Amino acid sequence: MNNNRDTFIDFLRGLAIFDMMLVHYAGYFPETVSKFITYHDVAMEGFLLLSGVIAGMHYLPLFKASCSSTVRTIYIRTLKLCLIQYIMIVTVSLPEFILRSGSCTGIGRFLVDSFTFSNQIGLIHILPTFIPLFILTPLFLYLLSHNLDYILLLGSAIFFLIAQRNPYLFNYGDKTIFPVVLWQIYFVAGCCLGKTALRNGSSMPRHKRALFIVSLITLAAVFLFRHSTSICPMIATFMNRYSISIQRFPLNIYGFIWGSLLWLFLYAAGARFWSVIRSTRIVDLTALFGRNSLMTFVLHVYFAKAISFTHILFGSYMLVNYSGMILNIGLTYYLLLKNEHARMNNRHGLFFRTTRWLFA
């Protein structure tokens, strides 16, 4: 996969990772900027959708060629995600728990809850959404390889609709922020889109201009829908009576449509103007973060939590906040670049071997 990367997909993944960073730092910006950032937050939607696309594009042909070795690769990848999660629990969640509680009482219970994913700690709750989806990926690939896409999509839609009545259907412990039974619909849709891209031989749409126009029209329609309560009191009364609203926590049908159409616009706009965008340096930077999105996420967790710790210990200082954000991007860029150069030059230092194995 490292030798056969799709720059366009990596660019979109990079947009998602930058969106995630902005959202997690939104509280440090002025109120207007903060509201704008959180209003357009679709990072999790993008991660799940694009992870599914990669499964459909890259793992599906491998699965067809050798089912057992591909399943083994996917499950090794899943175990690595668990290992990364446990490392972050011990080095981030545990110190934060001790710092906030002011004592070591309850550490055992906290660690058990954390290791079993039954508590919801900020930022640490994200990987447990991906782990069960990776476990189910061989089943998804089996259905796709036997051209049973409609069963996969139908099953995903049925679980999503059932979960509209009970979003925490398979939940235990704290209520998850991203219930898998709901958010799986993005991953499954991505798997099917990845298979389509594989069949077409490209992640780019065939009719870029038409798709871009459609995405503009649908996005305008969904924006109008979202703000209709401010435009027409009669519509506001109707929507309030029937509880019609765009919701992400927990995700409802309108929230799913909102996130899907925003990503449709990003995809269509990126494809339509790719020849122009591709010639800019920003693509290389964004794609670098997208290629290494897992490592970028982990580094971001440490920076975001470090800033949070300074708030607890010393109070809030804007200079510290903004310096931390800039350092987050700058140092991450340096480490990613260093790591990629080491891989290309086949360097075997302990740090590079560890990161290569853990995040590959």
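**Largest cavity**

I began with the enclosed space in this predicted model. The largest cavity holds about 80 Å³ of space, and I noted that the structure has 2 cavities of 30 Å³ or more. Who lines the largest cavity? I wrote down Gln85, Ile89, Ser93, Ser114, Phe117, Asn119, Gln120, Ile121, Ile124, His125 and Pro128. Helix H4 gives the most to that lining, with 3 residues. I sorted the lining by type and got 5 nonpolar, 6 polar and no charged residues.

**Second largest pocket**

Next I looked up a pocket. The second largest pocket contains about 660 Å³ of space. Its lining runs to 30 residues, and Pro132, Leu136, Phe170, Val180 and Val181 are the ones nearest the centre. Which helices supply at least two residues each to this lining? My list reads H6 (127–145), H7 (149–162) and H8 (180–200). H6 gives the most, with 8 residues. By type, I have 22 nonpolar, 8 polar and no charged residues around this pocket.

**Nonpolar core**

A reminder to myself: in soluble globular proteins, nonpolar side chains tend to be buried together. Here I looked up the largest nonpolar core, which has 91 residues. Ile84, Met88, Trp183 and Phe297 touch the most other members. Helix H3, residues 43–65, gives the most to this core, with 13 residues.

I picked Phe297 for a closer look. What does Phe297 touch, leaving out residues up to four places away in sequence? I found Ile17, Met20, Met88, Leu123, Ile126 and Leu127. Met88 appears here as well as among the core members that touch the most others.

**Backbone oddities**

Leu123, one of the contacts of Phe297, turned up again when I checked the backbone. Leu123 has a positive phi of about 75°, although it is not a glycine. I placed Leu123 in the loop between helix H5 (107–115) and H6. Is Leu123 buried or exposed? Its relative accessibility is 10%, and the cut-off for buried is under 20%, so Leu123 counts as buried.

Asn147 also has a positive phi without being a glycine, at about 55°. I found Asn147 in the loop between H6 and H7. Asn147 is exposed, because its relative accessible area of 55% is over 50%.

Then I looked for a cis peptide bond. One joins Phe249 and Pro250, with omega about -5°. Pro250 is in the loop between helix H11 (233–241) and helix H12 (253–272).

**Salt bridges**

Another reminder: side chains of opposite charge can pair when their charged atoms come close. How many salt bridges does a search of the whole structure find? I noted 11.

I started with Glu96 and Lys305, whose side chains meet in a salt bridge at 2.9 Å, N to O. This pair links distant parts of the chain: Glu96 is in helix H4 (residues 67–101), Lys305 is in helix H15 (residues 293–314), and they are 209 residues apart. Are these two buried or exposed? Glu96 counts as buried at 7% relative accessibility, and Lys305 is buried with a relative accessible area of 8%.

My second entry is Asp149 with Lys195, again a side-chain salt bridge at 2.9 Å, N to O. Asp149 sits in helix H7 and Lys195 in helix H8, so I logged the pair as a link between distant parts of the chain, 46 residues apart. Lys195 counts as buried at 7% relative accessibility. Asp149 has a relative accessible area of 19%; the cut-off is under 20%, so Asp149 is buried too.

For the third I took Glu340 and Arg343, where the closest N and O atoms are 3.5 Å apart. Both lie in helix H16 (residues 318–344), 3 residues apart, about one turn of the helix. Glu340 is buried, with a relative accessible area of 9%, whereas Arg343 is partly exposed, with 28%.

Which residues are linked in a network of salt bridges? I closed the page with Asp41, Glu45 and Arg248.

Definitions and conventions
Residues are numbered from 1 along each chain as its sequence is written. This is a predicted model: local features need pLDDT of at least 70, side-chain atom pairs count only at pLDDT 80 or more; totals for chains, interfaces and linings use all residues. Side-chain values use heavy atoms; hydrogens and water are left out. On a 1 Å grid over the protein atoms alone, a cavity is a set of points where a 1.4 Å probe fits but cannot get out, and a pocket is an open set with protein on both sides within 12 Å along at least five of seven lines; lining residues have an atom within 4 Å of a point. Grid points are joined across faces, edges and corners, and a volume is the space filled by probe spheres set on the points. Helices (H or I, at least four residues) and strands (E, at least two) are DSSP runs, numbered from the N terminus. Ala, Val, Leu, Ile, Met, Phe, Trp, Tyr, Cys and Pro count as nonpolar, Asp, Glu, Lys and Arg as charged, and the others, Gly among them, as polar. A nonpolar core is a set of buried Ala, Val, Leu, Ile, Met, Phe, Trp, Tyr and Cys residues joined through side-chain atoms within 4.5 Å. Buried means under 20% relative accessible area, exposed over 50%, partly exposed in between (1.4 Å probe, protein chains only). Contact means heavy atoms within 4.5 Å. A salt bridge is a side-chain nitrogen of Lys or Arg within 4 Å of a carboxyl oxygen of Asp or Glu.
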